[in-house]
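Visitor: I'd like a close look at one charged pair in this protein, please. Start there, and then lead me on to whatever connects with it.

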Amino acid sequence: MMRRMRSQRFFPAALLIALLALAFGVGPASAAPGAYRIIIVQANCEPPAGFQAQLKSFPDVAAVDIFDACLGTPTLAELTPYDMAVTMDNSGYEDPEAIGNVLADYIDTGGLLFQYAYDTEDGLAPQGRLATGGYTPFIPGDNPNQDVTLGEFNAASPLMQGVTALATEDNTEAALAPGATLVAKWSDGRNLIAFKGRVASATAFVSDESEWSGDFGRLTVNWVRWVGRHNLTVSNPTAGGTVTSSPGGIDCGTICSVALPHQTPVTLSATPKRGFAFAGFSGACAGIACALTLDADKAVTANFSTFAPAKKVKLNRKKGTAILSVKVGGSGKLTLTGKKTKRQSKTAKAAGKVKLLIKAKGKAAKALAANGKAKVKVTVTYTPTGGFPASSVKPVTLRLAG
């Protein structure tokens, strides 16, 4: 064994109980959309304050809390409010079996895990379902602890975006697990970074009692940005209707942003209110239907166009016709139909008013000629360009001067 021995820490009983109760800031607060919460579960001689500071420096990280797993095991309820758990071990977990089981439960319920050494060393790695269930990308091995830097890596991987330098003198020699994807190697050719499912792993030790430097904080945040929650934002600029989502979360105009797990399929539905027509989605969706997969933050705009037929028509008593003025919020096609009236269509090139002629036909035309009056019912349909048709029904009494 080449790993350097670390001194053990002993605590008075009262302090031990207090630390277990406080769990170094673990709380029940939920993460807000777009602000990641991270918990470092560490079993080291001292908290990894330097690494914690790196994580906190990113604007999309809302909180980085630390749980001392030398003293106890976090519960699933304590882990659940966090988007990602980061684990590292050098002094030994208080209960290796329990920590492995709860981390597996956390992953199964949508959590992300990023492991650092010596979680990748045989003898110190978490046990339980995390070890037996095939969750981790590395098979724990020896710890040669060589001075190494970042070597060959996949620059196209989302894990490596902005990562230009990694160095450490404390590291392990772990084999790639079946089904895992290797992303980077150390300068001496040993495995450095890999991922599998919802677990990423690096064979570096980054606690404060270790000599390390480089972009380990960025590497870690890249994992939650890539595979963690993503934000779906809906804009409803005219407030001409509502937009809902399946699965739920969006009900816009009231709730127009939601954070959902990576790769969640989402369908948006738009319903115009009276006086509007749905003119289609734009942004991450285009057209009248919106089905997307949240593999990144996405924004969609729901476009509603004004559609307001005038309350009164303008009668032409000499001809026995009428003009219906329709206000529209954008380009599109207008159609006037009715069993007793002649069909008429017009194209609106832009927002404004469109005038439609109402002219009797058939029995209504005969009644108009005979009695000077005919009651008709017309349907006006407006289909915004790229949108969905909306209709309005209007009763009209045509009059012909004698």
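Guide: Let's zoom in on Asp188 and Arg190, which form a salt bridge whose closest N and O atoms are 2.8 Å apart. A salt bridge here is a side-chain nitrogen of Lys or Arg within 4 Å of a carboxyl oxygen of Asp or Glu. Side chains of opposite charge can pair when their charged atoms come close. Before we go on, this is a predicted model, where local features need pLDDT of at least 70, side-chain atom pairs count only at pLDDT 80 or more, and totals for chains, interfaces and linings use all residues. Residues are numbered from 1 along each chain as its sequence is written, and side-chain values use heavy atoms, with hydrogens and water left out.

Now, how covered are the two partners? Asp188 counts as partly exposed because its relative accessibility is 40%, while Arg190, at 9%, counts as buried. The cut-offs are simple: buried is under 20% relative accessible area, exposed is over 50%, and partly exposed is in between (1.4 Å probe, protein chains only). The areas themselves come from the Shrake-Rupley method.

That pair has company, since the salt-bridge rule gives a count of 7. Take Arg37 and Asp65, whose closest N and O atoms are 3.8 Å apart. Arg37 sits in strand E1 (residues 36-43) and Asp65 in strand E2 (residues 61-68), so this bridge ties together parts that are 28 residues apart in sequence. Strands (E, at least two residues) and helices (H or I, at least four) are DSSP runs, numbered from the N terminus. Both ends of this bridge are tucked away: Arg37 is buried at 13% relative accessibility, and Asp65 is buried at 15%.

Next comes Asp83 with Arg229, a salt bridge whose closest N and O atoms are 2.2 Å apart. This pair links distant parts of the chain, 146 residues apart: Asp83 is in the loop between helix H3 (76-79) and strand E3 (84-89), and Arg229 is in the loop between helix H6 (216-227) and E13. Asp83 and Arg229 are both buried. Salt bridges can also join up into a network, as they do for Asp105, Asp108 and Arg129.

Stay by E13 for a moment. His230 belongs to that strand (residues 230-235), and it counts as buried because its relative accessibility is 2%. Compare its position with Thr381: the two are 151 residues apart in sequence and 38 Å apart in space, C-alpha to C-alpha.

From charges, let's move to sulfur. A disulfide is a covalent bond between the sulfur atoms of two cysteines. In this model, a pair of cysteine sulfur atoms within 2.5 Å is taken as one, and the count comes to 2. Cys252 is joined to Cys256, S to S 1.9 Å. The torsion about that S-S bond of Cys252 and Cys256 is about 85°, so the disulfide is right-handed. Its two ends differ in cover: Cys252 is buried at 0%, whereas Cys256 is partly exposed at 23%. Cys285 is joined to Cys290, S to S 2.0 Å, and with 65° about the S-S bond this link is right-handed too. Cys285 and Cys290 are both buried. Count the bonded cysteines along the chain and the pattern reads 1-2, 3-4.

Cys252 has another trick up its sleeve. The peptide bond joining Cys252 and Gly253 is cis, with omega about 10°. Gly253 is in the loop between strand E15 (251-252) and strand E16 (257-260). There's a cis bond from Ala117 to Tyr118 as well, with omega near 10°. Tyr118 lies in the loop between strand E4 (112-115) and helix H5 (129-132). Most residues other than glycine have a negative phi, and most peptide bonds are trans.

On the phi side, look at Gln263, a residue other than glycine with a positive phi near 70°. Gln263 is in the loop between E16 and strand E17 (264-272), and it counts as partly exposed because its relative accessibility is 44%. Asn145 also has a positive phi, about 50°, although it is not a glycine. Asn145 sits in the loop between strand E5 (138-142) and strand E6 (148-153), and at 15% it is buried.
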